[in-house]
Amino acid sequence: LKGCIFARLQPLHKERIVVALQRSGLSVGFLGDGVNDCAALRAADVGVSVDTGLDVAKAAADVILVDKSLMTLQTSVRAGRKVFANVIKYIKMAASSNWGNMFSVLGASLFLPFVPMLPLQVVAGNLIYDFAQLSIPTDNVPSWHLSSPLQWDIGAIARFVLLLGPVSSIFDFLTFYLAYWQWGGREDPSVFRTAWFVEGILSQLFIVFVLRTAVPESAPNRVIPIPPADSYQRGEISSRSLISGHSTPTSVVTAAGEPTPPRHAFFLLSPFASMRAWLLRGSSNRERGGPSVTLVVVTVLMGMISVTLTQIPVVGDELQFVKLPVQYWPWLLTIIVLYCALTAGLMHTVLPKLLKFRRRSDFTTRRRGFRGNDDKKSAIKILVADKLN
């Protein structure tokens with residue numbers, strides 16, 4: 001109905017036009033400030049009124065504009081999508097972390113003659129991890145999340161958690177073996193608990209930089225699921241941009257329209273490489289959707305606190321921690337890097353096949369195709385004209 005103008009309408013006529021457009025598969029917004037607009041405001045998907053409008057119009061509207069600019073709607077929509085994306089991000093991180101910890105505790109309880117971790121140590125670990133997660137609302141969101149609305153898909157979240165949650169248990173079990181047989185955990189349970197506490201906290205903290213997003217342009221130096229081919233235009237994402245963080249004309253979209261994974265993907269798995277790129281990008285980091293300054297600072301700070309709690313005698317004695325052997329720290333770094341590598345590899349290869357990115361753009365494409373059909377466009381005009389008559 002592009003270019004159609006309706007004049008001298010009665011209130012019910014406005015409502016009928018809105019309903020007819022909705023039946024054609026369109027999302028309809030309506031702007032009004034008077035009594036005659038109330039019916040259309042209620043029927044529209046998004047009813048918009050102004051602060052100077054009548055009270056009955058403002059009561060029927062979904063959005064009330066205080067500023068004299070429609071750009072306020074764009075700002076509000078982008079802010080809402082950012083909040084929703086960060087909420088989904090936190091749910092995935094917290095659920096996958098708890099799912100993996102459950103497997104680790106159950107597995108350790110099967111063969112250990114002592115409690116894997118004391119209650120006070122569990123509380124201390126949860127406090128450190130939860131405090132670090134408070135910085136997620138400040139995290140940047142890539143343009144892919146803001147270009148079209150995401151939808152709540154509990155099935156996709158469940159598949160994400162079921163796949164990536166037990167990955168942490170693999171490296172927990174490796175830590176169990178080394179702590180129990182190599183580092184003296186068999187004779188002193190405090191060594192075992194301290195080794196698992198540090199490894200568990202640090203791995204959960206730094207894996208955030210891998211799990212924080214599922215959009216390529218948000219973190220060019222990390223391996224993450226590539227969106228469907230119809231979610232971006234040809235030439236928008238390149239293999240060089242995935243590595244260096246700079247866009248190039250070279251496209252990773254094949255002639256058939258299918259996205260191809262970057263050739264060097266599996267070697268760019270560590271979050272440390274992405275943090276280096278984050279430091280080099282500077283002010284462009286926010287536009288690219290990289291981690292926010294607050295997220296990086298708080299995560300590193302909480303990691304330092306977790307190590308300090310265990311290695312300083314004054315604090316460690318209260319929590320029944322002991323000083324770990326020197327050979328533990330190289331192994332810890334190796335375990336964290338391997339954990340990030342395996343998780344990112346699964347996110348790049350297996351997870352895209354399991355997750356269904358239900359995006360609003362899919363429905364928008366259908367609607368645009370519907371509008372592009374001249375016969376059906378004429379049918380909509382006839383339908384509206386019949387209803388007005």
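# Notebook: backbone angles, cores and cavities

**Entry 1, Arg8.** I looked up Arg8 and found it in the segment before α1 (11-23). The model I am reading is predicted. Phi of Arg8 is near 55 degrees, which is positive, and Arg8 is not a glycine. I noted this because most residues other than glycine have a negative phi. Next I asked whether Arg8 is buried or exposed. Arg8 has a relative accessible area of 85%, so I wrote it down as exposed.

**Entry 2, Gln320.** I looked for another positive phi in a residue other than glycine, and Gln320 has one, near 65 degrees. Where is Gln320? I found Gln320 in the loop between α14 (313-318) and α15. Its relative accessible area is 43%, so Gln320 is partly exposed.

**Entry 3, confidence.** I checked how sure the predictor is. The average pLDDT of the protein is 76. A score of at least 70 is reached by 70% of the residues. Then I looked for weak stretches. Over residues 357-377, pLDDT stays under 50. For that stretch the model has 31 contacts beyond four places in sequence. Residues 379-384 also stay under 50. There I noted ten contacts beyond four places in sequence.

**Entry 4, the largest core.** I turned to the largest nonpolar core, which has 53 residues. Which of them touch the most other members? The two are Leu164 and Phe197. I then listed the helices that each supply at least two residues of this core: α4 (71-111), α5 (119-133), α7 (154-181), α8 (189-206), α9 (208-211), α13 (293-311) and α15 (328-349). With ten residues, α8 gives the most.

**Entry 5, around Leu164.** I followed the contacts of Leu164, leaving out residues up to four places away in sequence. Leu164 touches Leu211, Thr343, Leu346, Met347 and Leu351. I also noted a second, separate core, which has twelve residues. Among them are Val18, Phe30, Ala40 and Ala60.

**Entry 6, Met347.** I picked Met347 from the contacts of Leu164. Met347 sits in helix α15. Its relative accessibility is 0%, so Met347 counts as buried. How far apart are the C-alpha atoms of Met347 and Leu211? I read 8.6 Å, although the two are 136 residues apart along the chain.

**Entry 7, Gly107.** I moved to helix α4, where Gly107 is found. Is Gly107 buried or exposed? The cut-off for buried is under 20% relative accessible area. Gly107 has 15%, so it counts as buried. I paired Gly107 with Asp172, which is 65 residues away in sequence. From C-alpha to C-alpha, Gly107 and Asp172 are 9.6 Å apart.

**Entry 8, cavities.** I looked for empty space inside. Rolling a probe the size of a water molecule over the atoms shows where such space is left. How many cavities of 30 Å³ or more does a search of the whole structure find? I wrote down three. I chose the second largest, which holds about 140 Å³ of space. It is lined by 17 residues. The closest to its centre are Ser97, Ser168, Gln204, Ile207 and Tyr339.

**Entry 9, the lining.** I sorted the lining of the second largest cavity by class. I noted seven nonpolar, nine polar and one charged residues. Which helices each supply at least two residues of this lining? My list reads α4, α7, α8, α9 and α15. I found these helices in the list for the largest core too.

Methods:
Residues are numbered from 1 along each chain as its sequence is written. This is a predicted model: local features need pLDDT of at least 70, side-chain atom pairs count only at pLDDT 80 or more; totals for chains, interfaces and linings use all residues. Side-chain values use heavy atoms; hydrogens and water are left out. A nonpolar core is a set of buried Ala, Val, Leu, Ile, Met, Phe, Trp, Tyr and Cys residues joined through side-chain atoms within 4.5 Å. Buried means under 20% relative accessible area, exposed over 50%, partly exposed in between (1.4 Å probe, protein chains only). Helices (H or I, at least four residues) and strands (E, at least two) are DSSP runs, numbered from the N terminus. Contact means heavy atoms within 4.5 Å. On a 1 Å grid over the protein atoms alone, a cavity is a set of points where a 1.4 Å probe fits but cannot get out, and a pocket is an open set with protein on both sides within 12 Å along at least five of seven lines; lining residues have an atom within 4 Å of a point. Grid points are joined across faces, edges and corners, and a volume is the space filled by probe spheres set on the points. Ala, Val, Leu, Ile, Met, Phe, Trp, Tyr, Cys and Pro count as nonpolar, Asp, Glu, Lys and Arg as charged, and the others, Gly among them, as polar. pLDDT is the predictor's confidence in each residue, from 0 to 100.
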